[in-house]
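Please read these notes with the structure open beside you. They deal with the ligand site and with how the chain is divided.

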Amino acid sequence: MNFELTDEQKMARDTAREFARKRLAPVAQKLDEEEHTPRELYAEAAELGFFGILIPEEYGGLGLDYVAYCLVMEEIARVCAGFQVCLTVHNSLVSTALLKFGTGEQKTRWLPKLASGERIAAYSLSEPGSGSDAGSLKCGARLEGDHYRVNGAKTWVSSGDVADLFLVFVLSDPARNSRGVSCLVVERSTPGFTIGKKEKKLGIRSSSTHELHFADAKVPATNLVGAPNEGFKVALTQLDGGRVGIAAQAVGIAQGAFDEAVSYARQRQQFGKALTEFQATQFKLADMSMKIDAARLLTLRAASLMNDGKRATREASAAKLFASETANQVAYQALQLHGGNGYIREFPVERYFRDARITEIYEGTSEIQRLVISREVLKEAAEAAPAPATR
Ligand code: CAA
């Protein structure tokens, strides 16, 4: 076991830290207020290669590993979680889907443009009637010659305002339910495809969240990713990697809230001394710091398993569950340390408190993570030992 980062991983982390400090910190509050991120800011992140972190160099990406990816995601979310959402969806939910399941032609068609950030990608699984029970989706796709005819609606789609292509999960064989789901790339310009309502959210406000509508949308059959009717496995495989990205986001939010708490507690004087001189503050900071460490270690362990090409379903869910609960606990305590000042928008801790909340909801709620972990643990137990005799 080696906890040392490689030079490459350190360089990726430091580049992201510098970008976040110089370019995001001055505007993070404004982006939150305006509920929008201008495309130019994404273009600056693209210049640094942040849209192609996991894409191999042969397709124009940085070709870095999942550990470097998580370090970059953490540093960005530490300053502006809303900005990071677009990057994490693009990198670990969509680009790697094309790498793992795409044909050679699809890789050369889309990956170079995704790697350069010329095109931004979004992931679309949820529907108004299908959230945690993702396999019950209804948005239908019928194969008609050389294209799929798609009808229905999708919801909770991050980056809906800026995305150029959408990885969409559709029901291609209604008789087979989740075993009749296919995965399609839908280009923004597809006839019959429209971007719907923008949601007004509690947190991560600089990231836009939209509905998608399909009315006889014609999607070329060559945009099918993976085998027909095997799309649900693509969706769940991608969520393993996606959940590691959200775990890194949660670690970043927790670290950012902690940074604010330390800075405030050092300068705020009450009863004639700084807050940091009270044991009540010191113990709070100790607990916060310990939990952030544990969340980061779980996240990097899952990332490291993914580097080895191993399935990391349980580890990804554990990292996401623990890190998201940590982000909420740490942001809560950081706000508490600010007292009344934590409750107003003048201090960034209020934004961290709101941003933390979503990490326990998207890419699978905490309840779904517990379900995934318990299923995996019981599967491992059953494989290790035959079922005990019933009493
Ligand atoms: N990797 C690969 N295959 C997997 C897998 C994984 N992690 N997990 C399951 N599978 C396979 C199973 O082996 C099964 O295969 P067979 O058909 O051959 O048997 C198939 O996939 C179906 O699996 P399940 O029977 O376990 O499926 P289920 O219907 O019981 O659902 C679930 C499982 C865990 C509840 C799943 O529906 C789930 O994760 N729900 C939460 C949905 C979610 O996370 N949504 C996030 C939306 S995206 C988002 O938020 C993005 C954003 O914008 C930020």
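The points below start at the ligand and move out to the domains.

1. Status. This is a predicted model. Please keep that in view when reading the distances and areas below.

2. Nearest residues. The shell around the ligand holds 25 residues. Ser132, Ser158, Arg179, Arg243 and Arg375 come nearest.

3. Polar contacts. Three side chains deserve a look. Serine 158 places a side-chain N or O atom 2.8 Å from an oxygen atom of the ligand. For arginine 179, the distance from a side-chain N or O atom to a ligand oxygen is also 2.8 Å. For arginine 243, the corresponding distance is 2.9 Å.

4. Cover. On its own, the ligand has 1100 Å² of accessible area. The protein covers 77% of that.

5. Elements in the shell. Four elements give two or more residues each: helix 5 (81-101), strand 3 (147-158), helix 7 (231-267) and helix 11 (366-384). Helix 7 gives the most, with seven residues.

6. Composition. By class, the shell has 11 nonpolar residues. The polar residues number seven, and the charged residues number seven.

7. Domains. The domain assignment splits the chain into domain 1 (7-120), domain 2 (122-231) and domain 3 (233-383). Where does the ligand lie relative to domain 2 and domain 3? It lies between them, because both domains give residues to the shell around it.

8. Domain 1 against domain 2. The C-alpha centres of these two domains are 22 Å apart. Their contact takes 27 residues from domain 1 and 23 residues from domain 2.

9. Buried area. Interface size is often given as the accessible area lost when the parts come together. Domain 1 and domain 2 bury about 2200 Å² between them. Carbon and sulfur atoms account for 56% of it. On the domain 1 side, Glu35, Trp110 and Ile120 lose the most area to domain 2. Together they make up 27% of what that side buries.

Conventions. Residues numbered from 1 in each chain as written. Predicted model: local features only at pLDDT ≥ 70, side-chain atom pairs only at ≥ 80, totals over all residues. Heavy atoms only, no water. Near = heavy atom within 4 Å. Polar contact = N/O pair within 3.5 Å; in protein donor to acceptor, adjacent residues only side chain to side chain. Areas by Shrake-Rupley, 256 points an atom, 1.4 Å probe, with all protein chains shown as cover. Nonpolar A, V, L, I, M, F, W, Y, C, P; charged D, E, K, R; others polar. Domains from an automatic or database assignment. Contact = heavy atoms within 4.5 Å. Buried area = accessible area lost by both parts, 1.4 Å probe.
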